[in-house]
Amino acid sequence: MTGTFLFQAVIYLSAAVVCVPIAKRFGLSSVLGYLFAGIIIGPYLLKFIGEEGEDILHFAEFGVVMMLFLIGLEIEPKAFWKMKKTILGMGGSQVVLTTLLSFGLLSVMGYSWQSGLSIAMALSLSSTAIVLQTLKEKNLMDTVYGASSFSILLFQDIIVIPMLAVIPLFSTAAASVSGGHEGGHPSFLDNLPVGLRTVFVLLSVVCVVLAGRYLFVPLLRVVALTRLRELFSASALLIVIAIAYLMELVGLSPALGAFLGGVVLATSEFKHELESNLEPFKGLLLGLFFIAVGASINFGMILDNPVEITLLVVGVITLKGVVLYIVASIFRIKMDQKLLIVVGLSQVGEFAFVLLSFANQLGIFSKERLDLFLVITAISMTLTPLLAIFNEHVILPKIGTKESEEKPPMDTIEKKNKVILVGFGHFGSTIGRFLRANGVESTILDHDSSRVDLLRKMGFEVYYGDAMREDLLESAGAGDAKILISAIDDPDATLRMVEVLQHNYPDLTLLVRAKSRVDAYQLLNAGVTHIYRETLDTSVRVAEDALHFLGHRKYTTLRQAQNFKKYDEDSLRRLADKVLNSDEYIFKAREEIAQQEALLKEDLERGQLSDEDTSWDSESMRNRINAGKSAGS
Amino acid sequence: MTLKKILIVFAHPRYEQSRTNRALIEGVKRMDGVTVQDLYEWYPNFNIDIFIEKDLLKHHDLIVWHHPLYWYSCPPLLKQWIDMVLEFGWAYGPEGNALEGKQVFNVLTAGGTKEVYCEKGRNHYTIREFLRPFEQTARLCSMEYLPPFAVMGTHRLSEEQLATYVRQYQELLRSLQKNELEIPDTDNCQFINDLPALQNLQEK
């Protein structure tokens with residue numbers, strides 16, 4: 001059953017909207033919800049989508065592309081270098097062992113070495129999409145399980161590049177089919193000799209790296225200057241899509257190109273802004289991808305050879321699980337974490353779709369074989385969340401108490417500062433400089449890209465972005481920071497950010513700059529305790545100097561100024577309540593005047609400050625002693 | 001009998017780097033009935049809140065001026081505190097009897113040893129002589145001045161010696177709270193450390 005684009009959109013979206021909440025309701029990951037949504041609307045149940053399922057899978061792979069771009073963004077070369085041991089060690093041994101073992105088994109089963117090796121490579125990869133999604137949802141990224149899984153997946157995502165580069169070399173042996181492409185990705189590489197193809201593959205990788213550095217960043221800077229958020233989202237999408245297109249043009253996996261592009265942009269000042277712009281697209285497209293995986297499971301094929309497929313699925317999952325168990329044991333991971341890794345990464349991942357289709361296009365194996373392994377991949381992906389539930393509810397409780405969670409012994413990828421400084425204009429920069437002079441580095445957020453650029457050259461950790469956005473605050477580390485200093489110029493923006501922060505991070509200490517008294521009232525009423533009116537100290541200092549020029553002694557004036565500021569702060573807190581209930585609240589200008597009136601009245605009632613200051617006051621002492629004497633005598 | 005309440009008025013301009021004072025303050029700050037008022041933390045700009053300080057004094061029976069000895073006296077903020085808080089007409093002078101009957105003494109740390117603080121030593125005068133202004137301040141406010149508790153030779157103090165001083169400080173405050181300490185004629189007692197009750201502690 002086909003239909004218009006809108007009809008399709010309605011089907012997909014409603015399947016997601018119905019199934020995912022149900023899955024979540026039962027404590028399952030959203031991935032499972034999407035997969036079942038796909039199965040239900042797929043050609044074997046409700047038949048809402050049929051033949052086009054495969055095209056949709058192809059389109060939905062774009063979610064994977066987007067995800068890899070974002071993963072790339074997370075990986076700063078420096079942090080990556082620090083994690084090299086886990087990534088290379090765990091990831092490397094997992095991929096090599098799995099590939100060798102499956103290659104051996106497939107050879108025994110009578111596969112030619114070319115098809116055996118390319119299938120074995122595809123099987124060694126796990127699903128970054130499923131695992132990362134689950135880890136994020138369950139908030140397990142900081143555990144040993146999370147960090148190890150991430151390392152292994154990272155290695156797999158990278159190793160796909162050489163795999164894709166190597167697979168064309170196998171096709172010489174099966175050259176009979178060269179030139180004909182079934183999948184329908186017209187690629188001008190098809191007509192080139194194999195050696196040249198590999199050269200082109202490498203060239204396009206270099207191309208992405210260079211473009212990232214010398215084309216995208218300047219482009220983003222220009223776009224940022226326009227201060228139009230939607231234009232920035234458009235550019236972010238453009239970058240990812242352009243890379244994907246280039247990769248497809250040369251017959252490479254778009255996902256890898258995107259990953260590379262992400263890595264290149266990870267060190268740019270737009271990292272966080274790109275992240276937060278692409279995140280919603282990624283989520284949606286990944287959902288679509290999972291639905292498509294569910295829909296593309298060929299139940300017809302399963303019904304035709306139930307035994308063979310069951311055996312293969314069980315075999316693949318077992319083999320991957322055993323290898324993961326061995327690798328995790330080598331790295332001395334505790335039992336419960338080890339089992340989580342074994343179950344979590346035992347599926348065949350989305351890259352298998354890419355690798356297998358690629359090998360099939362090159363004529364390394366037949367369409368039937370491709371379908372068979374695509375089905376196995378899809379089933380293993382569907383089984384993962386189910387196995388995880390079984391593991392968590394049946395196996396883990398049996399191996400005793402869950403060993404206490406320790407901080408992961410391996411390197412964590414991000415360094416987080418304890419202080420986040422929002423706004424680095426005249427006000428914020430002074431704060432940042434003084435903190436730095438005291439050895440405190442802060443993470444700085446600013447929405448002026450030219451300033452961000454300059455500051456980065458000066459060695460500050462500065463990120464470009466609009467600090468009102470929850471996702472940007474999150475990626476800047478608001479969850480781990482101790483203090484957030486708001487030095488934003490715009491009072492309304494400040495207030496909105498404060499609301500977001502208080503809602504999401506109740507433990508974060510907020511130090512907030514306020515422009516005026518009225519802004520300070522609003523902040524006070526919003527529950528902020530540490531408020532700094534930017535004009536209070538300076539204006540009092542001007543008055544102090546004026547008094548000095550009139551002949552007042554400096555120390556006395558200083559003490560009066562200190563007292564004055566104290567009274568002023570007190571009255572601020574006292575009057576804040578009244579302001580909230582006042583009808584005039586809406587009219588800021590009128591409110592300012594009313595406030596000044598109230599303040600002046602208070603000052604009058606209190607009288608001169610010096611009247612109550614008796615410290616070192618020999619005059620009043622003399623008066624009292626003399627008064628006492630005259631009274632006594 | 002109710003315990004006496006103790007207020008430690010503490011002044012150290014570089015507390016974070018003072019090994020001895022950190023150990024002493026850490027040792028007593030959580031004791032029952034003991035309040036530590038960290039002046040340099042509360043009033044970094046010397047703008048002492050007289051109202052709060054007077055209120056604190058009113059609610060305590062025994063006051064400790066705890067400070068390092070700088071140039072034979074206390075750090076400037078403690079002097080500022082004395083200047084501003086012990087007001088004429090409140091702490092002394094006509095009707096100035098707010099502190100009457102309360103006890104007070106100095107707890108001090110000094111780099112030099114006891115030997116250099118005597119007529120023949122490098123500093124020529126004894127600690128008691130240098131502390132005369134505090135003693136007289138107490139007297140003018142009708143307070144009872146007790147001999148000082150001094151930790152001398154802080155530069156060469158071993159960890160064990162420091163720990164003993166901390167135990168002595170705790171024990172001293174505890175017995176003062178319970179009013180158990182027999183204090184001999186103040187003038188003849190150089191240091192409150194020398195009392196047998198605290199000396200026994202050292203042997204342990």
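**Two helices and a confidence check**

In this predicted model, the axes of helix α8 (residues 144-170) and helix α15 (residues 335-344), both of chain A, come within 9 Å and cross at roughly 40 degrees.

Colleague: Why are α8(A) and α15(A) called oblique to each other?

Modeller: Let's set the angle against the cut-offs. The axes cross at roughly 40 degrees. Angles under 35 degrees count as roughly parallel, and 65 to 115 as roughly perpendicular. The crossing fits neither class, so α8(A) and α15(A) are oblique.

Colleague: Which hand does the crossing have?

Modeller: α8(A) passes α15(A) in a right-handed crossing. On the α8(A) side, the contact is made by A:Val144, A:Tyr145, A:Ser148 and A:Ser149. From α15(A) come A:Gln337, A:Leu340, A:Ile341 and A:Gly344.

Colleague: What makes up this contact by class?

Modeller: There are 4 nonpolar, 4 polar and no charged residues where α8(A) meets α15(A). A:Gly344 belongs to the contact, and Gly counts as polar.

Colleague: How many residues does each chain bring where chain B touches chain A?

Modeller: Chain B gives 8 residues and chain A gives 8 residues. The chain B side has 3 nonpolar, 3 polar and 2 charged residues.

Colleague: What is the average pLDDT of chain A?

Modeller: Chain A averages 79, with 85% of the residues scoring at least 70.

Colleague: Where does pLDDT stay under 50 in chain A?

Modeller: One stretch is residues 173-186, for which the model has 17 contacts beyond four places in sequence. Another is residues 400-414, with 19 such contacts. pLDDT runs from 0 to 100, and both stretches stay under 50.

Technical notes. Residues are numbered from 1 along each chain as its sequence is written. Chains are lettered from A and ligands numbered from 1 in the order in which they are written. This is a predicted model: local features need pLDDT of at least 70, side-chain atom pairs count only at pLDDT 80 or more; totals for chains, interfaces and linings use all residues. Two residues are in contact if their C-beta atoms, placed from the backbone, lie within 7 Å. Axes are lines fitted to C-alpha atoms, for helices over the stretch in contact, and angles run from 0 to 180 degrees between N-to-C directions. Helices (H or I, at least four residues) and strands (E, at least two) are DSSP runs, numbered from the N terminus. Angles under 35 degrees count as roughly parallel, over 145 as roughly antiparallel, 65 to 115 as roughly perpendicular and the rest as oblique. A crossing is left-handed if the near helix is turned anticlockwise from the far one by less than a right angle, and right-handed if clockwise. pLDDT is the predictor's confidence in each residue, from 0 to 100.
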